[in-house]
Amino acid sequence: MFVEGLKKLFRGRSERDDTSAGSALTARDRDAITADLAFFDSVEKGLGKALARYVLTGADEASVLHVSNLLKTTQGDIRTKLHNVFIAVADDWNNKVEREKRHKARERVLFELEGFDPAALYRYLHLHSQFNAQNRAWRFPGSDQSPRWLRTASLLFDTSAPEGRNPLGFLTAPHILEMMEAAELAPSVAPLIDCAFSDKDVPYGDLTQRMLKLPGLADAIAAMPEEATRTIGTLAAGGREVMVSFLGQNGLIDRDRHFFDFAFQMASDGAKTVREAASNALKVADEAKVQAKAEEFLASRKANERLAGVNILAALLRERSLPILDRHGGEEKSNTVLAAIATIRATYAAGSVAGAEAGEGEGDGEAGYLAFDGSFVAAPPPAAKEEPLPADLEEAFRKLLTEANAAARIDYDQTPPGKDWNQRPARPFTPPFDPAIAKHIVAAMRGERLSEAQRREIWKAVDDKSTDNWMRQTRQLLGNGLKAIFSRTDISFHALSRLLFQATDGRHWQHILRIVLGTTNYWMRGPDNEILARIKAGADIRILAEIAAEAGAPAFGTMADALADKAYVNISEMIDEPVPANLWPLLAENFAALDAALAGDGLKERWSEDFIFSWLRMFPRLPRRYFPLVADRAVQGGVRQREFARYLLREVADLTPLITPMLTSGPETKRLAAARWLAERRDGNAIAPLRAALAKEKSVTVKAAAMSALAACGDDTSDLFAEGTLLAEAEKGLASTKVDYSPFFDAENLPVLHWADGREVSAKLVKWWFARSHKLKMAGGDPMIHMALERLDPGMPSGWGRRSSRPSFPTTPSARAAKRPMPMRRRTPSGAMNRRRSGARILPRNWPSPSCAAKSSPSI
């Protein structure tokens with residue numbers, strides 16, 4: 001049987017032990033299930049036993065139907081009790097004993113089973129699915145293509161995962177396939193993939209991360225490649241991105257031709273994030289096979305496949321892809337593909353200028369890294385040897401703790417007893433600190449081994465927030481005293497670091513790293529503040545990392561994702577923030593972890609992705625290995641990362657060849673961004689490409705930006721506003737544009753305007769300005785009008801020609817009349833609303849009446 005074959009395939013690969021993976025339920029397991037279901041007796045006497053018989057033996061199947069009917073009842077009390085049993089909470093929320101009892105009973109079934117019975121556990125999940133059939137949870141896992149009991153299982157484990165345990169309990173890929181057989185379903189990998197998402201997309205929370213860690217999932221996908229790729233293809237863009245990354249991370253692309261071809265298919269996907277994920281996934285596959293397939297794509301008749309081939313070769317071969325792309329560029333017809341090749345060529349040209357010899361023989365790592373221009377940035381030498389601790393340090397701590405005990409006594413005498421948060425307990429006074437612990441504090445700073453009890457006492461003594469709320473004087477005295485001791489110049493950074501790890505776990509180390517990398521400081525205690533202050537003052541953070549490793553705390557490279565988790569930062573504001581000059585050597589020691597974090601897996605929030613990207617500002621010069629990534633995000637990233645990427649590229653001298661391909665390809669927003677970027681850089685070499693792009697550009701917004709960029713780059717743009725050029729454009733536009741102005745707007749009697757040199761502006765040109773604004777539905781005038789208005793006579797009344805982004809215009813009496821309350825609109829015989837078209841909304845303010853305009857002086 002197929003399932004038996006799968007069992008053989010998975011044997012020895014499950015993360016669970018052999019007993020749990022293969023045996024039936026033990027007596028303890030059966031008791032746990034019975035105890036969990038016994039709470040149904042609170043709904044109806046005997047219901048718990050009937051459901052236990054159904055789950056364990058398959059008998060009393062009618063009890064499940066009875067529960068389903070009870071869930072539909074209109075009696076609120078019964079429904080409430082059923083809901084509480086299914087979600088394992090007490091009917092009385094204040095009853096902590098009952099609440100804990102139900103919670104523990106559910107945990108024993110989900111996470112502490114010693115054996116496994118597919119039929120019994122399928123029935124257990126089937127029972128819980130009755131509740132979800134009536135009460136669909138928010139972001140319910142899976143879609144309608146998956147069995148409801150499996151979707152319920154995903155939800156149960158996602159919402160019940162205990163701290164510090166296997167969050168998936170008895171749920172493994174082989175077990176799910178066995179439960180499918182017990183449910184008389186054909187074994188399939190599609191539901192396993194589907195239930196890692198919600199409605200085929202990545203939901204908020206940790207569901208997808210947890211389900212992708214399902215033991216045996218990669219092997220199940222490898223066993224059914226055709227079905228797996230077909231299912232992944234039906235997911236939303238976020239789901240496809242995650243699963244393509246999963247295939248690459250688990251080495252599946254080289255295991256079967258289906259996965260290899262599917263990765264190439266995703267490389268030409270419509271979503272940019274999916275294309276990037278596919279290119280990254282193919283980087284870990286067999287290079288020769290990937291290159292051959294990518295070159296096949298270059299010969300495809302489909303432009304999107306040729307574009308995929310270009311991107312894959314660039315990601316795989318980097319600079320070595322240029323000769324291949326240059327050969328193909330001579331035959332390419334698609335502007336998008338040609339622009340991609342030009343961008344790649346410019347990227348590597350800007351990142352490989354003369355001077356690479358300076359870094360020849362050097363590599364990225366502890367010693368330093370290669371910068372974008374080929375120069376080698378050497379890491380600073382390690383800090384000087386540690387100085388011994390001062391002889392009076394123990395006495396200083398002893399004196400402080402003695403004074404803190406005296407202050408605590410005063411607080412005790414001045415605070416009335418009670419149970420409120422700011423009242424002391426009604427028991428005799430006991431000093432909060434033992435001054436003798438000062439000896440152990442100094443021992444911890446020397447790095448001596450201490451017992452767990454001693455470490456707890458040390459933390460209580462050095463934590464300035466460890467005292468009760470009613471000890472106000474004590475907390476103030478202790479905080480000021482610890483600050484004075486820790487800030488002493490004769491106490492080394494090494495000693496403070498050892499104290500941190502002797503007295504605390506790795507959370508403080510992780511939080512210090514998050515703060516120096518750019519997050520908000522909201523949880524600093526004990527020696528944390530002084531350590532952070534010394535790092536900002538120039539202390540070598542590698543000392544802290546080295547002592548963390550000695551203490552068994554997580555290394556930076558293993559917790560990059562944890563550092564970025566829920567890091568809500570504004571990456572645009574980070575441009576102006578000061579950068580610690582001593583942090584980059586730690587990042588350089590962990591380039592592999594940084595590479596993986598920047599590549600992404602589709603599971604991080606956009607804030608987390610921004611935070612990781614912001615780490616690149618720590619390097620004094622942009623590392624060469626990240627130049628293509630930063631250039632890509634500067635060209636076609638989101639608004640936030642695009643601005644930050646351009647900041648990272650500020651020192652690169654010649655970026656014009658990288659930017660100019662954007663002027664003629666892609667959507668309007670991309671062309672507009674390119675023109676504005678060139679204006680920021682003010683490079684004279686951009687004038688010719690800007691002129692060429694301007695000749696073909698149709699969007700008035702992009703045209704205006706390109707003209708501004710030409711002026712910023714030092715070009716004379718007077719020819720673009722020559723009267724002949726503007727009149728030719730106006731005549732052509734008026735001939736092809738039909739404008740249905742409001743009857744209140746007199747388009748034939750417009751005011752007479754003058755240029756700054758006194759020449760009269762053609763009435764035809766003024767009419768075209770209004771016609772184009774009406775056509776583009778830009779009530780304030782389009783950007784080209786504003787550029788023209790800046791060239792009018794600034795002395796004209798009513799704001800004409802004033803240098804303003806929104807010039808103030810006049811209004812006619814007719815337009816004022818148009819603002820009066822309109823009569824009730826009547827319906828036409830067809831039932832449609834007979835709405836009056838209003839062109840008056842493009843009228844400027846203070847517009848003179850037609851009669852006034854006719855009598856006005858030509859010098860308006």
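pLDDT is the predictor's confidence in each residue, on a scale from 0 to 100. That is a handy place to start, since what you have in front of you is a predicted model. Over residues 797-860, pLDDT stays under 50, and for this stretch the model has 90 contacts beyond four places in sequence. A second stretch, residues 353-361, also stays under 50, with 14 such contacts. Where pLDDT is low, the predicted coordinates should not be read in detail.

Let's set those stretches against the whole chain. The average pLDDT is 82, and 87% of the residues score at least 70. Confidence is highest in helix α14, residues 225-233, with a mean of 95. Helix α44, residues 850-855, is where confidence is lowest, at a mean of 34.

Now let's turn to the aromatic rings. Across the whole structure, a search finds 22 aromatic pairs. One of them joins Phe 40 and Phe 86 edge-to-face, with 5.2 Å from centre to centre and 80° between the planes. This pair links distant parts of the chain, 46 residues apart: Phe 40 sits in the loop between α3 (27-37) and α4 (47-57), while Phe 86 belongs to helix α6 (residues 76-86). Phe 40 counts as buried because its relative accessibility is 1%, under the 20% cut-off. Phe 86 has a relative accessible area of 3%, so it is buried by that cut-off too.

Phe 501 and Trp 509 form another edge-to-face pair, 6.1 Å centre to centre with 65° between the planes. Both Phe 501 and Trp 509 are buried.

From Trp 509 you can step across to Phe 556: the two are 47 residues apart in sequence, yet their C-alpha atoms are 9.6 Å apart in space. Look for Phe 556 in the loop between α29 (541-550) and α30 (560-564). Its relative accessible area is 4%, so Phe 556 is buried. What surrounds it? Beyond its neighbours within four places in sequence, Phe 556 is in contact with Leu 513, Leu 517, Leu 563, Leu 586 and Leu 587, along with Asn 590 and Trp 615.

A further group of rings is worth finding on your screen. Tyr 369, Trp 584, Phe 591, Phe 619 and Tyr 626 are linked into a cluster by ring pairs. Phe 591, one of the cluster's members, also has a charged partner: the charged end of Arg 625 sits over its ring, 4.6 Å from the centre. Elsewhere, Lys 289 lies over the face of Phe 260, 5.0 Å from the ring centre.

Conventions. Residues are numbered from 1 along each chain as its sequence is written. This is a predicted model: local features need pLDDT of at least 70, side-chain atom pairs count only at pLDDT 80 or more; totals for chains, interfaces and linings use all residues. Side-chain values use heavy atoms; hydrogens and water are left out. Helices (H or I, at least four residues) and strands (E, at least two) are DSSP runs, numbered from the N terminus. Contact means heavy atoms within 4.5 Å. Buried means under 20% relative accessible area, exposed over 50%, partly exposed in between (1.4 Å probe, protein chains only). Rings of Phe, Tyr and Trp (its six-membered ring) pair if their centres lie within 6.5 Å; planes under 30 degrees apart count as stacked, over 60 as edge-to-face and the rest as tilted. A charge sits over a ring if NZ of Lys or CZ of Arg is within 6 Å of the ring centre and within 35 degrees of the ring normal.
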